[in-house]
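Open your viewer, colour the model by chain, and get ready to click along. Each stop below tells you what to select and what you will find there.

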Amino acid sequence: MNQPTQLLNLKPGTAGSIYAIKEMNPILRQRLYDLGVHEGSTVFMKQRGPFGGPITLECNGQLFGIRLKEAKEIEVSIC
Amino acid sequence: MSSFALVGNPNTGKTSLFNTLTTSYEYVGNWAGVTVEKKIGDLKNGGGQLVDLPGIYSLHPLSRDESVAAQYLMEETPSALINIVDASQLERNLTLSIQLLEYGRPIILGLNMMDVAANRGIHVDIHRLQEQLGVPIIPLVARTGKGSSKVLSTLKEIPAAASPELKLDYGAAEAAITDIESLLATTSCLPNHRWVALQLLAQNPVILQALSSKIDMNLVNDISKNCEEQLQQMGLPSSLPDWIRSVRTEFIEKLCSSAMDRSSQKPHNLTERLDNILTHRYFGIPIFLIFMFLLFKVTFDWIGNPLSDVLDGFISGPVSDGINKALDLVGASSFTHALIVDGIVAGVGGVLVFIPQIFILFLIISFIEDSGYMARVSLLMDSLMEAVGLNGKAFIPFIIGFGCNVPAVMSARSIEQPKDRLLTTLLIPLMSCSARLPVYALFAGVFFQSHQALVVLSMYVLGIAMALLLCKVFSSYLLKNESSVFIVELPPYRLPQGRTLMRGTWEKGKGFLRKAGTLILGGSVLIWLLSYSGPGGFGVEMNNSFLAKIGGLMAPLLAPLGFGTWQSGSSLLTGFLAKEIVVSTMNIIYHVPNMEGLQGQIAHSFTSLQAFSFMAFVLLYTPCLATVGVIRKETSSWRWTIFSIGYAVVLAYLISLIIYQGGHLLGLS
């Protein structure tokens with residue numbers, strides 16, 4: 001297994017398996033869980049956001065956007 | 001009578017199915033959070049009632065629309081549930097299904113978006129799924145109505161059907177579940193006790209709240225704590241909600257690996273290609289602005305105004321002539337004659353000529369809603385919105401607000417944080433709704449003929465700019481607390497169906513026509529009566545009428561803004577009922593037979609600077625009566641409702657003052 005790294009280090013088009021979700025607002029954590037995003041799930045980096053805005057991710061075929069600030073709290077191991 | 005409830009994840013097509021199964025029609029769109037309250041309709045085969053609930057991911061609500069669904073399940077006893085499941089997102093959708101199966105009422109699983117799943121190379125083995133879950137599963141394409149007759153016929157048989165028997169083994173938590181069940185034994189009117197116990201242990205706030213007065217919560221807490229200690233000793237996830245979730249996730253993973261084949265799954269090709277352009281890091285926002293500009297070009301210059309001119313010709317020509325002749329024929333008194341022609345035809349007809357612009361605007365908004373672009377706009381706008389203390393999701397109600405502020409305020413329910421929701425609700429009235437459009441069309445048509453779309457666009461931009469500015473002020477001084485959060489689901493793009501667009505446009509436009517037949521009609525009669533009567537009796541010179549007296553009280557206040565006439569004063573006063581009435585009032589005051597005549601009169605009474613100042617004032621000055629009502633309902637606070645009116649009036653006054661006095665200084669009069 002690869003060293004865990006920040007989700008943000010993923011290049012667009014590549015995927016990582018979530019290793020840890022650190023500091024996170026509880027509402028957001030629950031919502032991510034609802035979308036199937038939790039430790040162990042695979043996320044794809046799709047696109048960097050406009051002007052430092054939210055990034056687009058995909059998990060289980062669902063596209064969604066979250067802010068950079070929160071994306072920084074997610075650690076993945078690159079697949 | 002039987003009642004059935006539609007439950008499922010957001011944006012899985014519940015309302016589309018509701019519309020095909022029932023005789024009613026509700027609002028549909030392609031983003032998460034379209035339905036924000038429960039809607040009830042009658043099934044087409046007369047088999048009972050169907051309740052459409054807001055979309056939820058789990059029974060644990062995060063936003064206000066979601067708690068509607070959880071509350072419904074706790075308080076009502078539906079004959080059966082219809083769980084809509086998105087076949088292309090099976091794992092995620094089943095998380096909710098498990099909780100619904102545990103609920104213990106008969107249930108049908110509607111496997112929707114079979115076409116989307118098939119296109120993406122996802123194959124679901126319906127028989128195997130049915131076998132393992134033990135409930136009927138019906139494949140569906142809700143948008144086209146495929147499979148809906150099967151749902152209707154299955155619902156007929158449902159009262160005789162047995163309850164689902166799915167029972168997951170929660171291992172170390174089973175003892176706690178049994179303990180809670182025995183606590184619940186004496187409480188009446190509860191859904192399935194095992195379900196309640198699980199929801200309690202999972203800390204579902206709605207269920208905790210509902211039971212707080214019925215059972216001893218300290219006992220529940222003790223049971224939870226004991227169980228969590230046990231979990232910890234066994235080296236398992238140490239919080240009960242996490243443990244319950246992980247048991248479910250494991251079950252779903254097993255189920256999906258046996259009942260679903262994703263080996264030939266393809267990515268969302270079209271969606272990804274479109275997103276590469278539409279949400280591009282640098283081009284995304286400019287593209288959005290270009291779309292907005294085109295929206296106004298189409299609504300005004302290209303299609304709306306030419307059509308509107310035709311309609312005006314028709315109303316002021318054949319229709320008015322016909323009415324005049326008919327009145328002469330029946331020998332109507334001069335009073336009746338004046339009431340109908342100068343009051344109703346002028347007031348209502350003057351607003352109806354703007355039907356083309358309003359319907360085109362609604363059509364374009366329906367297109368944005370149905371295509372999937374709505375969620376992208378919230379993504380694009382998030383940085384800007386974050387800078388002023390809100391989040392990008394608030395932009396969805398803002399866009400809906402361009403159509404009408406009332407549904408926009410409702411749609412703010414899907415915003416997770418209460419502070420963000422309140423802030424959004426308070427700012428929505430600054431979004432220039434379709435009712436303000438006749439005012440702009442009238443004034444821009446007179447004073448800014450060659451740049452109509454641009455001038456109208458400037459009003460919308462002014463509204464948004466003020467919303468952002470005030471958002472910063474309110475979030476820094478009034479509503480400061482936790483920082484906002486943002487997460488948005490991006491649905492696949494789809495080409496809206498003509499039928500859906502027409503229906504969506506008509507449903508929005510219907511409201512305008514209804515308003516024309518009620519509030520605007522009533523307002524016109526009232527205004528005409530006030531203009532016809534005065535302290536000196538009936539049939540007075542208009543300058544001596546009650547209307548002139550009332551409007552005259554306002555005039556000195558409005559003078560610094562450039563429109564200190566009683567005519568403007570009374571238009572603005574009556575415009576509180578509905579902003580279109582500003583135009584109705586002007587039509588009656590300047591009583592002229594058609595739009596051209598009115599434009600001539602207005603050109604005499606205003607300069608272009610005054611007109612611009614007046615337009616800005618109408619944009620900002622107060623939410624209309626209906627919006628005030630819905631703000632009161634959604635905030636449940638008179639204080640915030642009055643605040644929303646108060647700040648708007650002050651803001652309108654300041655901005656118009658700046659425009660008029662500033663313009664004067666620049667020599668623009």
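Start with a sheet that crosses from one chain to the other: seven strands in the order E1(A)-E6(A)-E2(A)-E3(A)-E4(A)-E5(A)-E9(B) make an open sheet with antiparallel pairing. Strands here are DSSP runs of at least two residues (E), helices are DSSP runs of at least four (H or I), and both are numbered from the N terminus; two strands pair if DSSP finds at least two bridges between them. Now select the two edges, strand E1 (4–6) of chain A and E9 of chain B: each has a single partner strand, so one side of each is left without a neighbour in the sheet. Direction ignored, neighbouring strands in this sheet are turned by 40° against each other on average. Such angles are taken between N-to-C directions, from 0 to 180 degrees, with axes as lines fitted to C-alpha atoms, for helices over the stretch in contact.

A word on the model before you go on: it is predicted, so local features need pLDDT of at least 70 and side-chain atom pairs count only at pLDDT 80 or more, while totals for chains, interfaces and linings use all residues. Residues are numbered from 1 along each chain as its sequence is written, chains are lettered from A and ligands numbered from 1 in the order in which they are written, and side-chain values use heavy atoms, leaving out hydrogens and water.

**Where the chains join the sheet**

Next, select strand E5 (residues 62–66) of chain A together with E9(B): they pair in the antiparallel sense over four bridges. Which residue of E9(B) stands opposite A:Phe64? It is B:Glu489.

Move inside chain A to strand E2 (residues 15–21) and strand E3 (residues 42–47), antiparallel strands joined by three bridges. Here A:Gly16 faces A:Val43 in E3(A). Then show helix H1 (residues 26–34) of chain A, which packs on the sheet and touches E2 and E5 of chain A together with E9 of chain B; contact means heavy atoms within 4.5 Å. The direction of H1 makes about 20° with that of E9(B). Add H12(B), which lies across E3, strand E4 (55–59) and E5 of chain A and runs at about 45° to E3(A).

**The interface**

Now select every residue where the chains touch: 41 residues come from chain B and 30 residues from chain A. The area buried between them is about 3300 Å², and carbon and sulfur atoms give 52% of it. Buried area is the accessible area (1.4 Å probe) that two parts lose on being put together, summed over both. In chain B, highlight B:Leu62, B:Arg281 and B:Ile487, which lose the most area to chain A, together 19% of what that side buries.

How many salt bridges are there between chain B and chain A? The count is six, where a salt bridge is a side-chain nitrogen of Lys or Arg within 4 Å of a carboxyl oxygen of Asp or Glu. To see one, zoom in on A:Arg67 and B:Asp382, whose closest N and O atoms are 2.7 Å apart.

**Over to chain B**

Select the six strands of chain B that form an open sheet with mixed pairing, in the order E2-E3-E1-E4-E5-E7. At its edges are strand E2 (39–42) and strand E7 (137–139), each pairing on one side only.

Within it, strand E4 (residues 80–86) and strand E5 (residues 107–112) of chain B run parallel, joined by six bridges. Click B:Val85 to find its bridge partner in E5(B), B:Leu111. Helix H3(B) packs on this sheet, touching strand E1 (3–8), E4 and E5 of chain B, and its direction makes about 170° with that of E4(B).

For a last stop, pick B:Glu174 and B:Arg194, whose side chains meet in a salt bridge (2.9 Å, N to O). This pair links helix H7 (residues 174–184) to helix H8 (residues 193–201) of chain B, the two residues being 20 residues apart.
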